[in-house]
Amino acid sequence: MNPIKDKRITLGVTGSIACYKAADLASKLTQAGALVDVILTESATYFVQPITFQSVTGRKAFVDKDMWSDQGHVQHIGLGHNTNLVVLAPLTANTMAKLAHGIADNLLTVTALAATCPVLIAPAMDGGMYTHPATQTNLQVLKGRGAVVIGPESGRFASGMVGLGRMSEPPVILGHIRHTLAQGGPLAGKKVVVTAGGTREPLDPVRFLTNRSSGKQGYALAQAALDLGATVTLVSTPTGLPLPHGAEVIQVDTADDMLAAVLAQTADADVLLMAAAVADFKAAAVSDHKIKKSDKVASLKLTRAPDILMAVGERKQQTGYPRLTVGFAAESENLLENAAAKLAAKSLDLITANDITAPDAGFSVETNRVTLLYPDGRQEKLPLQDKAEVAEQILDRVIQLMTNKDD
Ligand code: CTP
């Protein structure tokens, strides 16, 4: 499950033109199920009003005068202690300096000082303020205390100058928040390798053979493993999908590239989730030059591409790694018989079978309807679900299988 759901997040907003992006961040966090308490510094209120945040979070947004409200001076202690995460975005050079020195002269800095949870900061400042030695020293102090620093990015400032200091975009900050909140989950300390996308087998410098895999199910599996606190390596062909934040990504093209990456990465891995659609055949010879019409090529000579799961299975027999292997069978006929045969042939712990002829399941679409098959003959049919939900279910079964192995 998305680790942001039901978490209390304190979003501190300080006086930068990037304040408008903080409203978008508050909205995205709320949509992801978080309870967001926004605290604005006085300078932030010159850029954006509390009502903007209240409208997107459905909760009160706090300003300095709330320190002296009916709840009196305990307001900041309540906010600081009851939160799962403090996010300071945008964080100005001024508030960064205050935090580095433990200065607590407004509701936000007092709350940050009282907080015992992880702190994420997304600096935003114009001109040369970010590279100034004073700011850099303050940043090092905060990093040394464990703050997660997001950005800043290079680009054009409001002043017209160009340089390093633009606040990272809300989706990037959201990725860091999700990753931070997932730490310590049930797969903490476990290495999960996921493959995704369709391999591309070159014919010449311009053309390749590929398949209809979108990579969506593989990326959803990588995200689900990250959400459970795993260390994730994603071995992916080019898919154009946004990369799941926190995963180590290894880009590959061909089945041979993927074989090399998977064997290297699974030598010490706990789990391999082999969701990629790997070519079974490749060109017997790749032309160095673009094949021309005048070459009169009437047929292609193909040869077998490596079977990655087969190779992983053989290595697993010798070394015991990866400890658990999950395969995916995309079938257009005899779904369960074919999937069961692959489960046995490739020494898998679990295979996910899906019927690619169904219009609402399989390649490119957002949903999938799969049956899980186990080596003991058990079969489990899952309903039509989002690929993200299918991924969560598969990871749930992976945790069960790991627990059985550990017992
Ligand atoms: N697979 C693999 N290497 C290949 C082909 C497939 O590792 N060269 C993996 C896939 O990633 C998947 C599983 O094997 O997890 C089943 O893939 P699938 O294409 O359904 O089966 P194949 O073994 O290729 O058999 P066939 O194409 O004959 O159905």
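1. Start with Ala-279: one of its backbone N or O atoms lies 3.3 Å from a ligand nitrogen atom. That fits the cut-off for a polar contact, a pair of N or O atoms within 3.5 Å. Bear in mind that this is a predicted model, where local features need pLDDT of at least 70, side-chain atom pairs count only at pLDDT 80 or more, and totals for chains, interfaces and linings use all residues. Residues are numbered from 1 along each chain as its sequence is written, and side-chain values use heavy atoms, with hydrogens and water left out.

2. Two further residues reach the ligand in this way. Asp-307 has a polar side-chain atom 3.5 Å from a ligand nitrogen atom, and a polar backbone atom of Phe-328 is 2.9 Å from an oxygen atom of the ligand. On its own the ligand exposes 570 Å², and the protein buries 77% of that (Shrake-Rupley method, 1.4 Å probe).

3. What about the residues around it? There are 15 around the ligand, with Met-274, Ala-276, Leu-309, Lys-342 and Lys-346 coming nearest (near means a heavy atom within 4 Å). By class, this shell has 10 nonpolar, 1 polar and 4 charged residues.

4. Which elements give two or more residues to the shell? They are α11 (308-319) and β17 (324-331), and β17 gives the most, with 4 residues (DSSP runs: helices H or I of at least four residues, strands E of at least two, numbered from the N terminus).

5. Now for a helix: α6 (residues 107-114) is mostly covered, with 7 of its 8 residues buried (under 20% relative accessible area, 1.4 Å probe, protein chains only). Among them are Leu-107, Val-110 and Ala-114.

How values were computed: A polar contact is a pair of N or O atoms within 3.5 Å; within protein, one must be able to donate a hydrogen and the other to accept it, and residues adjacent in sequence count only if both atoms are side-chain atoms. Ala, Val, Leu, Ile, Met, Phe, Trp, Tyr, Cys and Pro count as nonpolar, Asp, Glu, Lys and Arg as charged, and the others, Gly among them, as polar. Buried means under 20% relative accessible area, exposed over 50%, partly exposed in between (1.4 Å probe, protein chains only).
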